[in-house]
Structures are given as structure tokens and as C-alpha cells.
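Good morning, colleagues. Please keep the structure in view while I speak, as I shall move from one pairing outwards to the sheet and then to a helix.

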Amino acid sequence: MTLPLFDADSPPRTEPLAPGAVVLRAFAREQAPALLADLRQVVAQAPWRHLVTPGGYRMSVAMTNCGALGWVSDERGYRYDPADPESGRPWPAMPAPLATLAREAAASAGFEGFVPDACLINRYDAGARLSLHQDKDERDMRAPIVSVSLGVPAVFLFGGARRADPVRRIELRHGDVVVWGGPARLSYHGVAPVKAATHPLLGEQRINLTLRRAG
Ligand code: SIN
Ligand code: FE2
């Protein structure tokens with residue numbers, strides 16, 4: 001499948017998702033080529049890996065991190081770590097344009113002064129998925145989550161504060177940014193299995209950048 005033309009042409013706009021949560025359509029689209037060039041540098045220093053959940057499952061999403069803190073999972077649990085456990089070295093620095101984009105996205109969603117210190121980088125190949133979860137390993141829940149989607153589209157699942165709450169399904173396309181905070185900060189969310197597709201910049205991949213204030 002190739003992407004329909006309107007994806008590349010639709011104007012930026014804000015769609016409310018829930019109180020405290022918005023989708024900023026195409027917010028990162030113009031900057032995407034530069035972001036991807038920066039990400040290639042990050043991945044050269046901290047390569048993709050498939051983490052294992054505390055329950056012993058290998059995640060289908062490949063991950064790495066940049067920033068002062070990186071999110072990791074292993075048999076012992078989930079945590080933020082200042083060093084890449086694979087290399088023992090600090091995670092690559094967060095590219096300044098990425099931090100600025102996240103701050104501007106947060107501000108557009110009503111969260112001023114967002115200074116991310118962690119960026120989880122997720123790569124979804126066809127079939128990869130992320131089951132419903134809350135982002136709750138961060139110390140201070142006052143900061144929002146900023147999530148940048150690049151490459152092939154995916155269906156984002158966005159529920160409420162309880163796992164059993166109804167879940168909305170929202171297609172996220174290249175350049176879309178989702179921000180959730182305040183009353184939505186602990187909303188359950190996930191990603192449905194990514195369908196095989198091709199994107200001009202990223203081939204068959206979807207890359208998602210989740211920016212957080214973790215420490
Ligand atoms: C995440 O929750 O860590 C990632 C969400 C996404 O890939 O859109
Ligand atoms: Fe998450």
C-alpha cells in the first residue's frame with residue numbers, strides 16, 4: 001500500500017482527544033527529515049534492541065533512547081536509566097531541535113514550560129504492536145507526554161485512567177504529534193499491530209518518539 005496524496009497535503013490542525021489530550025496533526029511534518037537525520041546519529045551510538053518485559057516476553061517494538069534518561073525494561077522491571085545497559089555509556093544527547101519541537105507541541109496543547117529529559121524511540125516494523133499501558137515510571141506527573149509519529153501510519157489506542165475504560169482508535173500519520181497531560185496524564189494507551197505499508201522517508205517503518213520529563 002502507498003500513502004494517499006492527501007496525507008502529504010493536509011494542513012496542520014488540532015484535534016481534541018480527551019480533556020488534557022490533543023492530536024496536533026502534521027505538527028512535526030516539516031521538521032521530519034531533519035529529525036530523522038538526527039535520529040540516525042542516535043541509533044549509531046545506541047542501536048535498536050528488543051527489550052524483554054518483566055514477564056519475560058520479547059517486545060515486538062524495537063527501542064532505543066536519547067536524553068539524560070532512557071526507559072528500559074528487563075526481568076527486574078521497568079525503569080529510567082542514565083546509561084544504556086548494552087554499552088554502559090550515557091544515552092546519546094537529545095537533539096536540541098527535538099527538545100524544542102516537544103516544548104512547542106506541549107505549549108500548543110496548553111502545557112507551558114515542558115523540558116523533556118527522556119526520549120524513548122520506538123520502531124515498529126509491520127506487525128509490531130504495543131499493548132495498553134500507562135506511562136507511570138516518571139517522577140513528576142505534572143509534565144505531559146509528547147509523542148511524535150513518523151513513517152507509516154498506525155492506529156493509536158487511547159483510553160481512560162482505568163484499563164477497562166472505552167478505548168478510542170485514532171490513525172496517526174507521519175508528522176502527527178499527540179500530547180496528553182493533566183487530567184489525561186495517566187490514560188491507558190497503546191498501538192494496534194502496524195499494517196505493512198511504505199513511506200517515502202522511512203520505507204516500511206513507523207518511528208515514534210515519546211518525550212517525557214522523567215527525572
Ligand atoms: C508509547 O506509548 O511508548 C508509544 C506510543 C506510540 O508508539 O504511538
Ligand atoms: Fe506509553
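Ala 21 stands opposite Trp 180 in E11. I should say at once that this is a predicted model. The wider pairing here is that of E2 with E11, antiparallel over four bridges.

Let us stay with strand E11, residues 177-180. Are its faces covered? To put it more exactly, which residues of strand E11 are buried on one side, and which on the other? Val 177 and Val 179 are buried on one side, while Val 178 and Trp 180 are buried on the other, and both faces of the strand are thereby covered. As a general matter, side chains in a regular strand alternate between the two faces of the sheet.

E11 also pairs with strand E8, residues 145-151, again over four bridges and in the antiparallel sense. In that pairing Val 146 stands opposite Val 179 of E11.

I return now to E2, which is also joined to E1, by five bridges, the two running antiparallel. Pro 16 stands opposite Val 22 of E2 there. Strand E2 comprises residues 21-25, and Arg 25 is found in it. Is Arg 25 buried or exposed? Arg 25 counts as buried, because its relative accessibility is 7%, where the cut-off for buried is under 20%. Leaving aside residues up to four places away in sequence, Arg 25 touches Pro 12, Arg 13, Glu 15, Ile 170, Glu 171, Leu 172, Arg 173 and Asp 176.

Next, the sheet as a whole. Seven strands form an open sheet with antiparallel pairing, in the order E1-E2-E11-E8-E13-E6-E3. At the edges are E1 (13-18) and E3 (62-66), each of which pairs on one side only. From one strand to the next, the twist averages 20°.

Finally, the helix. Helix H3, residues 96-108, lies across E2, E3, E6, E8, E11 and E13, and runs at about 115° to E8. Its 13 residues reach 18 Å from first C-alpha to last, close to the 18 Å expected at 1.5 Å a residue. Which residues of H3 are buried? They are Leu 98, Leu 101, Ala 102, Ala 105 and Ala 106. These residues lie on the same side of H3, because they cover an arc of only 130° around the axis. In general, an α-helix has 3.6 residues a turn, so residues three or four places apart point the same way. Just after H3, Gly 110 takes a positive phi of about 100°.

Methods. Residues numbered from 1 in each chain as written. Chains lettered and ligands numbered in written order. Predicted model: local features only at pLDDT ≥ 70, side-chain atom pairs only at ≥ 80, totals over all residues. Heavy atoms only, no water. Buried < 20%, exposed > 50% of the residue type's maximum accessible area, 1.4 Å probe, protein only. Contact = heavy atoms within 4.5 Å. Pairing = 2+ DSSP bridges. Axes fitted to C-alpha atoms, helices over the stretch in contact; angles between N-to-C directions. Expected span 1.5 Å × (residues − 1). Arc of directions from axis to C-beta.
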